[in-house]
Amino acid sequence: MKIFKHIFSAVVLFSVVFNVSAQNCSTLSVNLGNDKNLICGDSVSLFASTNYAYPDSATWQWTPTSSMVNEQTQHPKVFPNSTRDYIVIGTTPSGCVMRD
């Protein structure tokens, strides 16, 4: 009686393709909209509108951050006790910067 041992070898090849589209930073923008007037002690939610397709993946920085809640989001709430000018900077994962 002959006993045959068969050794099977399998090679599995696979590839992962990431579709990354080139992004033109010069076409990105962010806008805080019109000025808002408040009575001292009131609050308002700010909103940085943008033409960036994936705003949730961007990082958001606001200044000044005093009297502000959720300052690292696209829409913080502010409780200013004096006249304030707010600035927002949005940065995409690829490093494009938007500012208003």
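**Strands, sheets and core of an all-strand chain**

Trp62 stands opposite Val88 in strand E7. This pair is a useful place to enter the structure, which is a predicted model. The strand that holds Val88, E7, covers residues 87-91, and strand E4 covers residues 59-63. E4 and E7 pair in the antiparallel sense, over 5 bridges.

A further strand completes this sheet. The sheet is open and has 3 strands in the order E4-E7-E8, with antiparallel pairing. E4 and E8 (97-99) are its edge strands, each pairing on one side only. On average, neighbouring strands here are turned by 15 degrees against each other, direction ignored.

The contact between E7 and E8 can be followed residue by residue. These two strands pair in the antiparallel sense over 3 bridges. Thr91 has Val97 in E8 as its bridge partner, and Ile89 has Arg99 in E8. E7 and E8 form a hairpin, with 5 residues between them. In the turn of that hairpin, Gly95 has a positive phi of about 100 degrees.

The two faces of E7 can be told apart. In a regular strand the side chains alternate between the two faces of the sheet. Val88 and Gly90 make up the covered face of E7, while Ile87, Ile89 and Thr91 lie on the uncovered one. Val88, the residue opposite Trp62, therefore belongs to the covered face.

What are the residues with the most contacts inside the largest nonpolar core? They are Leu46, Trp60 and Trp62, in a core of 15 residues. Trp60 can be looked at more closely. Leaving aside residues up to four places away in sequence, Trp60 touches Val88, Ile89 and Gly90, and also Met98. The list of residues touched by Trp60 further includes Val30, Ala48, Thr50 and Pro55, as well as Glu71, Gln72, Thr73 and Gln74.

A second sheet lies elsewhere in the chain. This open sheet also has 3 strands, in the order E2-E6-E5, and its pairing is antiparallel. Its edge strands are E2 (44-45) and E5 (68-69), and each of them pairs on one side only. E5 pairs with strand E6, residues 77-78, in the antiparallel sense over 2 bridges. Within that pairing, Val69 stands opposite Lys77 in E6.

Aromatic rings offer another detail. The structure holds 1 aromatic pair. The rings of Tyr52 and Tyr54 have their centres 6.1 Å apart and their planes at 80 degrees, so the pair is edge-to-face. Is each partner buried or exposed? Tyr52 has a relative accessible area of 10%, so Tyr52 is buried. Tyr54 has a relative accessible area of 57% and is therefore exposed.

The chain as a whole can now be described. There are 8 strands and 0 helices, and from the N terminus on the elements run β-β-β-β-β-β-β-β. Of the 100 residues, 20% count as buried. The chain exposes about 8200 Å², and carbon and sulfur atoms supply 54% of that area. Among contacts with a separation of 6 or more, 49% are accounted for by residues 24 or more positions apart.

How values were computed: Residues numbered from 1 in each chain as written. Predicted model: local features only at pLDDT ≥ 70, side-chain atom pairs only at ≥ 80, totals over all residues. Heavy atoms only, no water. Pairing = 2+ DSSP bridges. Helix = DSSP H or I, 4+ residues; strand = E, 2+ residues; numbered from the N terminus. Axes fitted to C-alpha atoms, helices over the stretch in contact; angles between N-to-C directions. Buried < 20%, exposed > 50% of the residue type's maximum accessible area, 1.4 Å probe, protein only. Contact = heavy atoms within 4.5 Å. Areas by Shrake-Rupley, 256 points an atom, 1.4 Å probe, with all protein chains shown as cover. Phe/Tyr/Trp six-rings, centres within 6.5 Å; stacked < 30°, edge-to-face > 60°. Core = buried A, V, L, I, M, F, W, Y, C linked by side-chain atoms within 4.5 Å.
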